[in-house]
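Here is a short report on one protein chain. Look at the sequence and the 3D view first, then read on.

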Amino acid sequence: MEVKPCRVIGYCVTEKKNAKMNWAEFGNVCRNHGFSLVKVDLRVDLESQGPFFAIIHKVTEVIINSNMGDIEAATALANLESYIRLHPEVIVVDPLDGVRSLMDRSHYYRIVQNSDLAEDKVFTPTFVDLLSTDLKENLQRLKDSGITYPFVCKPSVSHGSDAHQMAIVFNEEGVADCRPPCVAQSFINHNAVLYKIYIVGDNFNVSERPSLKNFQPSDRKTIFFSTADVSKADSTSSLTVLDPEDAAVAPASNPDPQRLRHIVSSLRKELGMMLIGVDIVIEHGSGRYGIIDINIFPGYDGFPNFFQCLMDSILDSATSKNYGIAKTSRRLSEEIDNSSSSKKQGKLRHLGESSETFPGLPPDQNLLQSVNTGKNTNREYEQDDSGFDTGDSSDERKKKWGLTRGRGHGKKLSQQVRGFAAPSQQSSLTITDHPVRTGLGGV
């Protein structure tokens, strides 16, 4: 009788992301590792669709709609939360608590403020929540919080149909244009260049994008814009073109790879997330790195071997969970051994036996076996394609370079791939020529 495989990886994402991602390609990667890939229907109980080894999701719209009283969305979210609660062994990409924390801009700005990144000249520009429609109250809050002009007014919720709609406010008169609830964040001049970090576990890739040009306080009227237009690789917005006097003095600098690694490792530690995007600008004059936005499960078009990196990260997460199980099991075994040596025979199992392995994890990738035998658990990349349709000419015009953990498959990039775990020996990165320079973006 044929035994059906019980190791299943499920995914549930928005229709937009579902259409963009080549899940068939990820299905091939899953099969290469002994897994089945299935689309999860959140409208029905997940127990009948599993058991799952891992669940990959982007349910930001479901969370937003649920918070707005949508019964169908609330049911779908409850089904997912119930399954996760009843199955703590399942790898969830990403934890719902982390997702919720990244849906609130002011919340994740505070996370950055309270991290160790300030020690490495990394900061988030000064910000304050504007929750009232009372102009005098908002003016006072801006003053008390030290917000400088111009500032960027952003929706408080970082996901949804309005999340990309922002404004640049140049003076007190323009504060009336703010649309609470929103976050007012001091604008820092950064020479119209934005760096987007795409993170997959401990691996990351960086692309340079257009950004807003330098601005000064003035009596000009509020500028309304969409980051979806401004920060596109092939943006033609006049907002991204430096004024002649700024273009003449704007330094040509590349981000420090060591600092980027610190940003990735610190945010991974603080957020506990696997799939995140980080928008960074380098402040003109000071050279400080400003984190202006963090995104949940961003678009990974152009990310080398994305699906294989995702699979590697899921398996790494599984071995981490397994390690915690193993430590607990060893401690309990020692307690039993100390309390009753007569029960030792036949009841305490060796740490490396199959009963201590993570359910569903392939034996040759189990951490316990790698500890006992010294077996190398690195998985070689098997796919050359990122899994996305990147045929758009705008993708080809992006500046990008890879920074990964040295799994050795970034050969298609024109820049050298450096290891995440082992610090790079060079202090800067060489970037290929790029005709487009301009982007506050990536919400």
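## A parallel sheet

In this predicted model, strands β1 (residues 8-12) and β3 (residues 54-57) run parallel and are joined by 4 bridges. Within β3, H57 is the residue that stands opposite C12. Strands of a sheet pair through backbone hydrogen bonds, and they can do so in a parallel or an antiparallel way.

β1 and β3 belong to an open sheet of 4 strands. Its order is β2-β1-β3-β4, and the pairing is parallel. Which strands stand at the edges? They are β2 (36-39) and β4 (91-93). Each has a single partner strand, so one side of each has no neighbour in the sheet. From one strand to the next, the twist averages 20°.

A helix also meets this sheet. Helix α2 (residues 23-32) lies across β1, β2 and β3. Its direction makes an angle of about 150° with β2.

## An enclosed strand

Now turn to β10 (residues 193-200). Is this strand buried or exposed? 8 of its 8 residues are buried, so β10 is largely enclosed by the rest of the structure. Look at its two faces. One side carries V193, Y195, I197 and I199, and the other carries L194, K196, Y198 and V200. All of these residues are buried, and both faces are covered.

β10 has antiparallel partners. Strand β11 (residues 203-210) is joined to β10 by 8 bridges. There, K196 stands opposite S207. The two strands form a hairpin with 2 residues between them. In the turn, G201 has a positive phi of about 65°. Strand β13 (residues 275-282) pairs with β10 too, in the antiparallel sense, over 6 bridges. In that pairing, Y195 stands opposite I280.

## The nonpolar cores

In soluble globular proteins, nonpolar side chains tend to be buried together. Here, the largest nonpolar core has 79 residues. Which residues have the most contacts inside it? They are F26, I197, I263, I291, F306 and L310. Helix α11 (residues 306-339) gives the most to this core, with 8 residues.

Take I263 as an example. Set aside its neighbours within four places in sequence. I263 is then in contact with L117, V122, I197, I280, Y289 and I291. A second core is separate and has 12 residues, including L130, C153, V175 and A184.

## Aromatic rings

The structure holds 17 aromatic pairs. One of them joins W23 and F26, whose rings are 6.1 Å apart, centre to centre. Their planes make an angle of 65°, and the pair is edge-to-face. How many residues apart are W23 and F26 in helix α2? They are 3 residues apart, which means a separation of about one helical turn.

Both residues are buried. W23 has a relative accessible area of 7%. F26 has 0% relative accessibility. Buried means under 20%, so both values qualify. W23 and F26 also belong to one aromatic cluster. Its other members are Y11, Y198, F297, Y300, F303, F306 and F307.

## The whole chain

Step back to the full chain. Its secondary structure comes to 13 helices and 15 strands. The chain has 443 residues, and buried residues make up 53% of them. About 20900 Å² is exposed, and carbon and sulfur atoms supply 48% of that area.

Note on methods: Residues are numbered from 1 along each chain as its sequence is written. This is a predicted model: local features need pLDDT of at least 70, side-chain atom pairs count only at pLDDT 80 or more; totals for chains, interfaces and linings use all residues. Side-chain values use heavy atoms; hydrogens and water are left out. Two strands pair if DSSP finds at least two bridges between them. Axes are lines fitted to C-alpha atoms, for helices over the stretch in contact, and angles run from 0 to 180 degrees between N-to-C directions. Contact means heavy atoms within 4.5 Å. Buried means under 20% relative accessible area, exposed over 50%, partly exposed in between (1.4 Å probe, protein chains only). Accessible areas come from the Shrake-Rupley method with a 1.4 Å probe; for residues, only the protein chains shown count as cover. A nonpolar core is a set of buried Ala, Val, Leu, Ile, Met, Phe, Trp, Tyr and Cys residues joined through side-chain atoms within 4.5 Å. Rings of Phe, Tyr and Trp (its six-membered ring) pair if their centres lie within 6.5 Å; planes under 30 degrees apart count as stacked, over 60 as edge-to-face and the rest as tilted.
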